Amino acid sequence: MTSSVASAPTAPANTRSGGVIVAILGFCGIVVALMQTLVVPIIPQLPHLLSASPADASWAVTATLLAAAVVTPISGRLGDMYGKKRILVASLLLVVLGSVVCAFANSLIPLIVGRALQGASVGVIPLGISILRDELPPRKVAGAMAIVSATLGVGGAIGLPIAAAVAQVADWHVLFWVSAGLGLVCMALAMVVIPESPVRTPGRFDFVGAVGLSAALILFLLPITKGGTWGWSDPLTLGLLAASVAVFVVWGFIQLRTARPLVDLRVSARPHVLFTNLASIAIGFAMYGNSLTLPQLLMAPESTGYGLGLSMVTAGIALAPGGLVMMALSPVSAKISAWRGPRFTLMVGSVVVGLGYLFVYCLSSSVWMIVVGCMIIGAGVGLSYASMPALIIGAVPVSETAAANGLNSLMRSIGTSSAAAVISVVLASMTISLGTTTIPSFDAFRATFVIAIVAAVVALVFAFLIPKPKTPAATGKHHA
(Lines give C-alpha, C1' and ligand atoms only; values in the text may rest on other atoms or scores of the structure.)
Protein backbone atom coordinates (compact mmCIF):
# COMPACT_ATOMS: atom_id res chain seq x y z
CA MET A 1 0.00 0.00 0.00
CA THR A 2 1.23 3.45 -0.82
CA SER A 3 0.50 6.57 1.15
CA SER A 4 -0.13 10.18 0.30
CA VAL A 5 2.33 12.73 1.52
CA ALA A 6 2.49 16.45 1.27
CA SER A 7 6.08 16.47 0.15
CA ALA A 8 8.99 14.14 -0.28
CA PRO A 9 10.49 12.89 2.97
CA THR A 10 13.68 14.43 4.10
CA ALA A 11 16.81 12.40 4.59
CA PRO A 12 16.96 10.37 7.81
CA ALA A 13 18.59 12.02 10.77
CA ASN A 14 22.26 11.27 11.14
CA THR A 15 23.37 8.98 13.94
CA ARG A 16 24.29 11.76 16.34
CA SER A 17 21.16 13.85 15.86
CA GLY A 18 19.13 10.65 15.80
CA GLY A 19 20.42 9.78 19.26
CA VAL A 20 19.47 13.24 20.53
CA ILE A 21 15.97 12.86 19.06
CA VAL A 22 15.54 9.51 20.81
CA ALA A 23 16.77 10.94 24.12
CA ILE A 24 14.40 13.92 23.95
CA LEU A 25 11.39 11.86 22.93
CA GLY A 26 12.21 9.38 25.70
CA PHE A 27 12.40 12.20 28.24
CA CYS A 28 9.09 13.61 27.01
CA GLY A 29 7.52 10.16 27.32
CA ILE A 30 8.72 9.77 30.91
CA VAL A 31 7.40 13.21 31.88
CA VAL A 32 3.99 12.50 30.35
CA ALA A 33 3.84 9.09 32.04
CA LEU A 34 4.65 10.78 35.36
CA MET A 35 1.27 12.49 35.16
CA GLN A 36 -0.45 9.14 35.70
CA THR A 37 1.00 8.57 39.19
CA LEU A 38 1.53 12.18 40.23
CA VAL A 39 -1.44 12.37 42.63
CA VAL A 40 -1.28 8.80 43.96
CA PRO A 41 0.63 9.78 47.15
CA ILE A 42 -1.92 12.46 48.06
CA ILE A 43 -5.12 10.56 47.22
CA PRO A 44 -5.84 9.72 50.90
CA GLN A 45 -5.51 13.43 51.79
CA LEU A 46 -7.46 14.85 48.85
CA PRO A 47 -10.90 14.71 50.52
CA HIS A 48 -9.56 16.84 53.39
CA LEU A 49 -7.50 19.12 51.15
CA LEU A 50 -10.39 19.81 48.78
CA SER A 51 -13.33 19.55 51.20
CA ALA A 52 -14.79 16.74 49.09
CA SER A 53 -16.01 13.21 49.66
CA PRO A 54 -13.61 10.33 48.88
CA ALA A 55 -15.80 9.28 45.93
CA ASP A 56 -15.69 12.78 44.45
CA ALA A 57 -11.96 13.16 45.12
CA SER A 58 -11.29 9.97 43.14
CA TRP A 59 -12.21 11.96 40.01
CA ALA A 60 -8.69 13.39 40.19
CA VAL A 61 -7.56 10.00 38.89
CA THR A 62 -10.62 9.12 36.79
CA ALA A 63 -10.49 12.38 34.81
CA THR A 64 -6.89 11.71 33.79
CA LEU A 65 -7.73 8.20 32.67
CA LEU A 66 -10.76 9.23 30.62
CA ALA A 67 -8.97 12.15 28.96
CA ALA A 68 -6.01 9.97 28.03
CA ALA A 69 -8.23 7.32 26.48
CA VAL A 70 -10.29 9.82 24.49
CA VAL A 71 -7.50 12.08 23.24
CA THR A 72 -4.75 9.56 22.40
CA PRO A 73 -6.25 8.15 19.17
CA ILE A 74 -7.43 11.63 18.17
CA SER A 75 -3.98 13.20 18.64
CA GLY A 76 -2.50 10.40 16.56
CA ARG A 77 -4.81 11.16 13.63
CA LEU A 78 -4.16 14.89 13.96
CA GLY A 79 -0.43 14.18 13.90
CA ASP A 80 -0.77 12.21 10.67
CA MET A 81 -2.77 15.05 9.11
CA TYR A 82 -1.17 18.24 10.37
CA GLY A 83 2.31 17.27 11.52
CA LYS A 84 3.50 15.00 14.32
CA LYS A 85 5.85 17.57 15.85
CA ARG A 86 3.12 20.20 15.91
CA ILE A 87 0.69 17.94 17.76
CA LEU A 88 3.48 16.65 20.01
CA VAL A 89 4.27 20.21 21.15
CA ALA A 90 0.56 20.94 21.59
CA SER A 91 0.24 17.83 23.76
CA LEU A 92 3.18 18.95 25.90
CA LEU A 93 1.50 22.34 26.25
CA LEU A 94 -1.44 20.49 27.82
CA VAL A 95 0.94 19.15 30.49
CA VAL A 96 1.96 22.71 31.35
CA LEU A 97 -1.57 24.14 31.30
CA GLY A 98 -3.00 21.26 33.31
CA SER A 99 -0.20 21.47 35.87
CA VAL A 100 -0.65 25.23 36.33
CA VAL A 101 -4.40 24.82 36.79
CA CYS A 102 -3.79 22.14 39.44
CA ALA A 103 -1.08 24.23 41.10
CA PHE A 104 -3.60 27.01 41.72
CA ALA A 105 -6.47 24.66 42.62
CA ASN A 106 -7.91 24.67 46.12
CA SER A 107 -11.20 22.99 45.26
CA LEU A 108 -12.23 19.86 43.41
CA ILE A 109 -13.46 21.18 40.05
CA PRO A 110 -10.27 23.05 39.04
CA LEU A 111 -8.19 20.03 40.07
CA ILE A 112 -10.31 17.72 37.91
CA VAL A 113 -9.98 20.10 34.94
CA GLY A 114 -6.22 20.28 35.36
CA ARG A 115 -5.89 16.52 35.73
CA ALA A 116 -7.95 16.00 32.57
CA LEU A 117 -5.59 18.32 30.67
CA GLN A 118 -2.62 16.37 31.99
CA GLY A 119 -4.20 13.09 30.91
CA ALA A 120 -4.84 14.46 27.42
CA SER A 121 -1.07 14.68 26.90
CA VAL A 122 -0.46 10.91 26.81
CA GLY A 123 -0.57 11.00 23.00
CA VAL A 124 3.05 12.23 23.20
CA ILE A 125 4.29 8.64 23.41
CA PRO A 126 2.65 7.21 20.24
CA LEU A 127 3.43 10.46 18.41
CA GLY A 128 7.08 10.12 19.45
CA ILE A 129 7.19 6.54 18.18
CA SER A 130 5.79 7.68 14.84
CA ILE A 131 8.35 10.50 14.57
CA LEU A 132 11.12 7.92 15.00
CA ARG A 133 9.79 5.98 12.02
CA ASP A 134 9.87 9.10 9.88
CA GLU A 135 13.24 10.48 10.97
CA LEU A 136 15.64 7.63 11.78
CA PRO A 137 17.52 5.26 9.47
CA PRO A 138 15.69 1.89 9.27
CA ARG A 139 18.42 0.07 11.20
CA LYS A 140 17.94 2.43 14.16
CA VAL A 141 14.14 2.46 14.30
CA ALA A 142 13.45 -0.75 16.23
CA GLY A 143 15.75 0.05 19.15
CA ALA A 144 14.58 3.67 19.35
CA MET A 145 10.91 2.66 19.33
CA ALA A 146 11.61 0.16 22.11
CA ILE A 147 13.11 2.91 24.27
CA VAL A 148 10.26 5.39 23.77
CA SER A 149 7.60 2.71 24.19
CA ALA A 150 9.13 1.65 27.51
CA THR A 151 8.81 5.17 28.91
CA LEU A 152 5.11 4.57 29.62
CA GLY A 153 6.04 2.04 32.29
CA VAL A 154 9.22 3.77 33.42
CA GLY A 155 7.56 7.10 34.09
CA GLY A 156 4.81 5.51 36.12
CA ALA A 157 7.26 3.42 38.16
CA ILE A 158 9.69 6.19 39.12
CA GLY A 159 6.94 8.78 39.48
CA LEU A 160 5.45 7.19 42.58
CA PRO A 161 8.48 7.49 44.92
CA ILE A 162 9.38 10.93 43.56
CA ALA A 163 5.85 12.26 44.02
CA ALA A 164 5.60 10.68 47.47
CA ALA A 165 8.89 12.27 48.56
CA VAL A 166 7.86 15.71 47.31
CA ALA A 167 4.44 15.41 48.94
CA GLN A 168 6.06 14.56 52.29
CA VAL A 169 8.39 17.55 52.45
CA ALA A 170 6.40 20.27 50.66
CA ASP A 171 2.91 21.60 50.03
CA TRP A 172 1.00 19.36 47.62
CA HIS A 173 0.76 22.17 45.05
CA VAL A 174 4.54 21.88 44.56
CA LEU A 175 3.96 18.58 42.75
CA PHE A 176 2.20 20.46 39.98
CA TRP A 177 4.70 23.30 39.78
CA VAL A 178 7.40 20.67 39.26
CA SER A 179 5.37 18.96 36.53
CA ALA A 180 4.73 22.34 34.86
CA GLY A 181 8.47 23.02 34.80
CA LEU A 182 9.21 19.61 33.34
CA GLY A 183 6.56 20.19 30.68
CA LEU A 184 8.13 23.52 29.71
CA VAL A 185 11.55 21.89 29.38
CA CYS A 186 10.08 19.19 27.14
CA MET A 187 8.31 21.77 24.98
CA ALA A 188 11.49 23.79 24.52
CA LEU A 189 13.58 20.74 23.62
CA ALA A 190 10.95 19.43 21.20
CA MET A 191 10.56 22.77 19.45
CA VAL A 192 14.31 23.24 19.01
CA VAL A 193 15.50 19.72 18.20
CA ILE A 194 12.66 17.56 16.85
CA PRO A 195 12.19 17.99 13.08
CA GLU A 196 8.75 18.20 11.57
CA SER A 197 7.82 15.14 9.54
CA PRO A 198 6.96 15.79 5.89
CA VAL A 199 4.60 12.79 5.86
CA ARG A 200 0.96 13.87 5.78
CA THR A 201 -2.46 12.33 5.34
CA PRO A 202 -4.51 14.78 3.26
CA GLY A 203 -8.20 15.34 3.80
CA ARG A 204 -10.63 16.53 6.45
CA PHE A 205 -10.50 15.53 10.08
CA ASP A 206 -13.28 13.07 10.97
CA PHE A 207 -15.12 15.06 13.63
CA VAL A 208 -18.09 12.67 13.65
CA GLY A 209 -15.75 9.74 14.23
CA ALA A 210 -13.93 11.61 17.00
CA VAL A 211 -17.16 12.50 18.81
CA GLY A 212 -18.50 8.97 18.40
CA LEU A 213 -15.32 7.31 19.69
CA SER A 214 -15.11 9.74 22.60
CA ALA A 215 -18.70 9.05 23.61
CA ALA A 216 -18.26 5.28 23.33
CA LEU A 217 -15.05 5.30 25.38
CA ILE A 218 -16.50 7.51 28.12
CA LEU A 219 -19.63 5.35 28.33
CA PHE A 220 -17.39 2.26 28.65
CA LEU A 221 -14.59 3.50 30.90
CA LEU A 222 -16.75 5.51 33.30
CA PRO A 223 -18.64 2.48 34.68
CA ILE A 224 -15.44 0.41 34.57
CA THR A 225 -13.62 2.91 36.79
CA LYS A 226 -16.58 3.86 39.01
CA GLY A 227 -18.39 0.52 39.16
CA GLY A 228 -16.83 -0.34 42.49
CA THR A 229 -18.31 2.83 43.98
CA TRP A 230 -21.68 2.73 42.23
CA GLY A 231 -22.13 -1.04 42.45
CA TRP A 232 -21.64 -3.43 39.56
CA SER A 233 -25.31 -4.35 39.44
CA ASP A 234 -26.47 -0.74 39.71
CA PRO A 235 -28.74 0.30 36.82
CA LEU A 236 -26.45 3.24 36.06
CA THR A 237 -23.40 0.97 35.68
CA LEU A 238 -25.22 -1.56 33.53
CA GLY A 239 -26.98 1.12 31.50
CA LEU A 240 -23.75 2.93 30.63
CA LEU A 241 -22.06 -0.33 29.60
CA ALA A 242 -25.02 -1.23 27.38
CA ALA A 243 -25.01 2.27 25.89
CA SER A 244 -21.28 1.97 25.14
CA VAL A 245 -21.87 -1.21 23.16
CA ALA A 246 -24.63 0.47 21.14
CA VAL A 247 -22.51 3.55 20.43
CA PHE A 248 -19.50 1.43 19.44
CA VAL A 249 -21.65 -0.49 16.94
CA VAL A 250 -23.07 2.68 15.39
CA TRP A 251 -19.64 4.33 15.38
CA GLY A 252 -18.09 1.32 13.62
CA PHE A 253 -20.86 1.30 11.02
CA ILE A 254 -20.22 4.99 10.27
CA GLN A 255 -16.43 4.57 10.22
CA LEU A 256 -16.67 1.84 7.58
CA ARG A 257 -18.60 4.25 5.36
CA THR A 258 -16.37 7.27 5.88
CA ALA A 259 -13.81 8.08 3.19
CA ARG A 260 -11.03 9.06 5.63
CA PRO A 261 -12.14 7.76 9.03
CA LEU A 262 -10.59 8.56 12.40
CA VAL A 263 -9.83 4.84 12.78
CA ASP A 264 -9.45 2.75 9.64
CA LEU A 265 -11.26 -0.35 10.85
CA ARG A 266 -10.25 -2.32 7.77
CA VAL A 267 -6.60 -1.76 8.57
CA SER A 268 -7.29 -2.41 12.27
CA ALA A 269 -8.90 -5.73 11.36
CA ARG A 270 -5.72 -7.00 9.71
CA PRO A 271 -4.51 -9.96 11.79
CA HIS A 272 -1.16 -8.31 12.56
CA VAL A 273 -2.89 -5.22 13.95
CA LEU A 274 -5.91 -6.91 15.51
CA PHE A 275 -4.04 -9.54 17.51
CA THR A 276 -1.34 -7.07 18.54
CA ASN A 277 -4.01 -4.75 19.93
CA LEU A 278 -5.76 -7.60 21.72
CA ALA A 279 -2.45 -8.67 23.24
CA SER A 280 -1.90 -5.03 24.27
CA ILE A 281 -5.11 -5.10 26.31
CA ALA A 282 -3.96 -8.26 28.11
CA ILE A 283 -0.44 -6.95 28.78
CA GLY A 284 -1.84 -3.60 29.97
CA PHE A 285 -4.08 -5.54 32.34
CA ALA A 286 -1.17 -7.57 33.71
CA MET A 287 1.07 -4.50 34.08
CA TYR A 288 -1.47 -2.55 36.11
CA GLY A 289 -2.05 -5.48 38.40
CA ASN A 290 1.56 -5.06 39.46
CA SER A 291 1.04 -1.34 40.13
CA LEU A 292 -2.09 -1.92 42.21
CA THR A 293 -1.23 -4.95 44.34
CA LEU A 294 2.47 -4.91 45.15
CA PRO A 295 2.49 -1.42 46.77
CA GLN A 296 -0.43 -2.42 48.99
CA LEU A 297 1.31 -5.65 49.96
CA LEU A 298 4.50 -3.78 50.85
CA MET A 299 2.61 -1.18 52.90
CA ALA A 300 0.26 -3.58 54.72
CA PRO A 301 0.95 -3.65 58.49
CA GLU A 302 3.29 -6.36 59.71
CA SER A 303 0.66 -7.38 62.24
CA THR A 304 -1.34 -8.94 59.41
CA GLY A 305 1.24 -11.70 59.17
CA TYR A 306 1.94 -11.01 55.52
CA GLY A 307 2.39 -7.24 55.24
CA LEU A 308 5.83 -5.66 55.28
CA GLY A 309 4.94 -2.31 56.88
CA LEU A 310 6.75 0.01 54.48
CA SER A 311 5.91 3.68 54.02
CA MET A 312 4.67 4.84 50.63
CA VAL A 313 8.02 6.44 49.79
CA THR A 314 9.96 3.31 50.72
CA ALA A 315 7.51 1.07 48.86
CA GLY A 316 7.82 3.26 45.79
CA ILE A 317 11.60 3.09 45.93
CA ALA A 318 11.41 -0.69 46.28
CA LEU A 319 9.28 -0.98 43.15
CA ALA A 320 11.15 1.61 41.05
CA PRO A 321 13.73 -0.94 39.76
CA GLY A 322 10.89 -2.67 37.93
CA GLY A 323 10.42 0.45 35.81
CA LEU A 324 14.14 0.89 35.26
CA VAL A 325 14.39 -2.71 34.03
CA MET A 326 11.81 -1.88 31.37
CA MET A 327 14.10 0.81 29.98
CA ALA A 328 17.27 -1.26 30.36
CA LEU A 329 15.81 -4.11 28.33
CA SER A 330 14.88 -1.91 25.38
CA PRO A 331 18.10 -2.69 23.45
CA VAL A 332 17.63 -6.38 24.27
CA SER A 333 14.11 -6.26 22.90
CA ALA A 334 15.35 -4.71 19.66
CA LYS A 335 17.99 -7.42 19.28
CA ILE A 336 15.47 -10.20 19.90
CA SER A 337 13.14 -8.62 17.34
CA ALA A 338 15.97 -8.35 14.82
CA TRP A 339 16.82 -12.00 15.43
CA ARG A 340 13.36 -13.61 15.51
CA GLY A 341 10.90 -10.79 14.83
CA PRO A 342 8.72 -8.63 17.13
CA ARG A 343 6.06 -11.37 17.29
CA PHE A 344 8.55 -13.64 19.05
CA THR A 345 9.57 -10.79 21.36
CA LEU A 346 5.94 -10.24 22.37
CA MET A 347 5.57 -13.95 23.10
CA VAL A 348 8.72 -13.95 25.24
CA GLY A 349 7.56 -10.86 27.09
CA SER A 350 4.17 -12.44 27.85
CA VAL A 351 5.86 -15.53 29.27
CA VAL A 352 8.21 -13.44 31.42
CA VAL A 353 5.29 -11.42 32.82
CA GLY A 354 3.54 -14.65 33.79
CA LEU A 355 6.70 -16.00 35.43
CA GLY A 356 7.07 -12.78 37.42
CA TYR A 357 3.60 -13.13 38.89
CA LEU A 358 4.21 -16.82 39.55
CA PHE A 359 7.34 -15.80 41.47
CA VAL A 360 5.48 -13.37 43.76
CA TYR A 361 2.64 -15.88 44.16
CA CYS A 362 5.13 -18.37 45.60
CA LEU A 363 7.58 -15.96 47.25
CA SER A 364 6.38 -12.71 48.81
CA SER A 365 7.39 -12.93 52.45
CA SER A 366 10.18 -10.34 52.28
CA VAL A 367 10.89 -7.06 50.52
CA TRP A 368 13.66 -8.46 48.31
CA MET A 369 11.34 -11.16 46.97
CA ILE A 370 8.76 -8.61 45.90
CA VAL A 371 11.47 -6.40 44.39
CA VAL A 372 12.76 -9.34 42.34
CA GLY A 373 9.24 -10.31 41.27
CA CYS A 374 8.51 -6.72 40.26
CA MET A 375 11.70 -6.61 38.20
CA ILE A 376 10.76 -9.83 36.40
CA ILE A 377 7.31 -8.45 35.63
CA GLY A 378 8.89 -5.17 34.50
CA ALA A 379 11.22 -7.07 32.20
CA GLY A 380 8.30 -8.87 30.60
CA VAL A 381 6.25 -5.70 30.20
CA GLY A 382 9.27 -3.91 28.74
CA LEU A 383 9.83 -6.63 26.14
CA SER A 384 6.14 -6.70 25.27
CA TYR A 385 5.63 -2.95 25.04
CA ALA A 386 8.80 -2.53 22.98
CA SER A 387 7.64 -5.08 20.41
CA MET A 388 4.16 -3.63 19.82
CA PRO A 389 5.09 -0.50 17.82
CA ALA A 390 7.20 -2.61 15.46
CA LEU A 391 4.29 -4.98 14.89
CA ILE A 392 1.87 -2.10 14.29
CA ILE A 393 4.20 -0.09 12.07
CA GLY A 394 5.01 -3.14 9.97
CA ALA A 395 1.33 -3.59 9.12
CA VAL A 396 -0.04 -0.08 8.48
CA PRO A 397 0.57 2.54 5.79
CA VAL A 398 3.16 5.19 6.63
CA SER A 399 0.43 7.84 6.45
CA GLU A 400 -1.44 6.17 9.35
CA THR A 401 1.51 5.53 11.66
CA ALA A 402 0.57 7.94 14.45
CA ALA A 403 -3.13 7.04 14.38
CA ALA A 404 -2.35 3.31 14.53
CA ASN A 405 0.10 3.78 17.41
CA GLY A 406 -2.44 5.96 19.19
CA LEU A 407 -5.04 3.21 18.88
CA ASN A 408 -2.53 0.69 20.25
CA SER A 409 -1.88 2.97 23.24
CA LEU A 410 -5.64 3.17 23.74
CA MET A 411 -5.79 -0.64 23.89
CA ARG A 412 -3.20 -0.62 26.67
CA SER A 413 -5.30 1.97 28.53
CA ILE A 414 -8.38 -0.22 28.23
CA GLY A 415 -6.33 -3.06 29.71
CA THR A 416 -5.16 -0.98 32.66
CA SER A 417 -8.68 0.36 33.28
CA SER A 418 -10.12 -3.15 33.24
CA ALA A 419 -7.41 -4.30 35.62
CA ALA A 420 -8.22 -1.49 38.04
CA ALA A 421 -11.87 -2.57 38.04
CA VAL A 422 -11.32 -6.31 38.38
CA ILE A 423 -8.52 -6.16 40.94
CA SER A 424 -10.32 -3.58 43.06
CA VAL A 425 -13.34 -5.89 43.23
CA VAL A 426 -11.17 -8.84 44.29
CA LEU A 427 -9.30 -6.86 46.94
CA ALA A 428 -12.53 -5.38 48.29
CA SER A 429 -14.38 -8.71 48.46
CA MET A 430 -11.66 -10.71 50.27
CA THR A 431 -10.73 -8.81 53.43
CA ILE A 432 -9.65 -9.18 57.03
CA SER A 433 -10.28 -6.89 59.99
CA LEU A 434 -7.37 -5.30 61.80
CA GLY A 435 -8.79 -3.39 64.73
CA THR A 436 -11.23 -0.95 63.18
CA THR A 437 -9.60 -1.18 59.75
CA THR A 438 -10.55 -3.55 56.95
CA ILE A 439 -7.77 -4.48 54.54
CA PRO A 440 -7.36 -7.08 51.75
CA SER A 441 -6.44 -10.57 52.91
CA PHE A 442 -3.37 -12.41 51.70
CA ASP A 443 -5.62 -14.72 49.69
CA ALA A 444 -6.96 -11.64 47.89
CA PHE A 445 -3.46 -10.65 46.81
CA ARG A 446 -2.70 -14.18 45.64
CA ALA A 447 -5.96 -14.23 43.68
CA THR A 448 -4.91 -11.07 41.84
CA PHE A 449 -1.59 -12.71 40.97
CA VAL A 450 -3.46 -15.66 39.46
CA ILE A 451 -5.66 -13.28 37.45
CA ALA A 452 -2.55 -11.51 36.14
CA ILE A 453 -1.00 -14.85 35.17
CA VAL A 454 -4.17 -15.64 33.19
CA ALA A 455 -3.88 -12.23 31.48
CA ALA A 456 -0.28 -13.02 30.52
CA VAL A 457 -1.38 -16.37 29.07
CA VAL A 458 -4.10 -14.61 27.07
CA ALA A 459 -1.47 -12.19 25.73
CA LEU A 460 0.72 -15.15 24.76
CA VAL A 461 -2.17 -16.74 22.83
CA PHE A 462 -2.91 -13.53 20.93
CA ALA A 463 0.79 -13.06 20.18
CA PHE A 464 0.94 -16.61 18.81
CA LEU A 465 -2.03 -15.84 16.54
CA ILE A 466 -0.19 -12.92 14.91
CA PRO A 467 0.80 -14.20 11.45
CA LYS A 468 4.46 -14.89 10.91
CA PRO A 469 5.99 -12.50 8.37
CA LYS A 470 6.70 -14.01 4.98
CA THR A 471 9.67 -11.68 4.58
CA PRO A 472 11.83 -9.90 7.18
CA ALA A 473 9.79 -7.15 8.78
CA ALA A 474 10.66 -3.68 7.64
CA THR A 475 10.18 -0.82 9.98
CA GLY A 476 11.83 1.85 7.90
CA LYS A 477 10.16 5.11 7.19
CA HIS A 478 9.00 4.20 3.69
CA HIS A 479 7.46 0.87 4.59
CA ALA A 480 3.74 0.76 4.06
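This is a short talk on a few local features of one structure: a loop residue, a strand pair and some aromatic rings.

Before we start, please keep in mind that the model is predicted.

Let me begin with Ser51. Where is Ser51 placed? Ser51 belongs to the loop that joins helix 2, residues 46–50, to helix 3, residues 54–57. Its phi is near 55 degrees, which is a positive value in a residue other than glycine. Is Ser51 buried or exposed? With a relative accessibility of 71%, Ser51 is exposed, because the cut-off for that word is over 50%.

Next, the strands. Strand 1 covers residues 431–434 and strand 2 covers residues 437–440. The two run antiparallel, and four bridges join them. If you want to follow the pairing on the screen, go to Thr431, which has Pro440 of strand 2 opposite. Then go to Leu434, whose bridge partner in strand 2 is Thr437. Together the two strands make a hairpin, with two residues between them. Gly435 sits in that turn and has a positive phi of about 70 degrees.

Now the aromatic rings. How many aromatic pairs does a search of the whole structure find? The search gives nine. One pair to look at is Trp172 with Phe176: the ring centres are 6.2 Å apart and the planes stand at 85 degrees, so this pair is called edge-to-face. The angle decides the name here, because planes over 60 degrees apart count as edge-to-face. Both residues of the pair are buried, since buried means under 20% relative accessible area: Trp172 has 8% and Phe176 has 0%.

There is also a cluster. Which residues form it? Tyr306, Phe442 and Phe445 make up one aromatic cluster.

Last, two places where an arginine lies over a ring. Arg257 lies over the face of Phe253, at 3.7 Å from the ring centre. Arg340 lies over the face of Trp339, and there the distance from the ring centre is 5.4 Å.

To go back over the stops: Ser51 in its loop, the hairpin of strand 1 and strand 2, the edge-to-face pair of Trp172 and Phe176, and the arginines over Phe253 and Trp339. That is the end of the talk.

How values were computed: Residues are numbered from 1 along each chain as its sequence is written. This is a predicted model: local features need pLDDT of at least 70, side-chain atom pairs count only at pLDDT 80 or more; totals for chains, interfaces and linings use all residues. Side-chain values use heavy atoms; hydrogens and water are left out. Buried means under 20% relative accessible area, exposed over 50%, partly exposed in between (1.4 Å probe, protein chains only). Two strands pair if DSSP finds at least two bridges between them. Rings of Phe, Tyr and Trp (its six-membered ring) pair if their centres lie within 6.5 Å; planes under 30 degrees apart count as stacked, over 60 as edge-to-face and the rest as tilted. A charge sits over a ring if NZ of Lys or CZ of Arg is within 6 Å of the ring centre and within 35 degrees of the ring normal.
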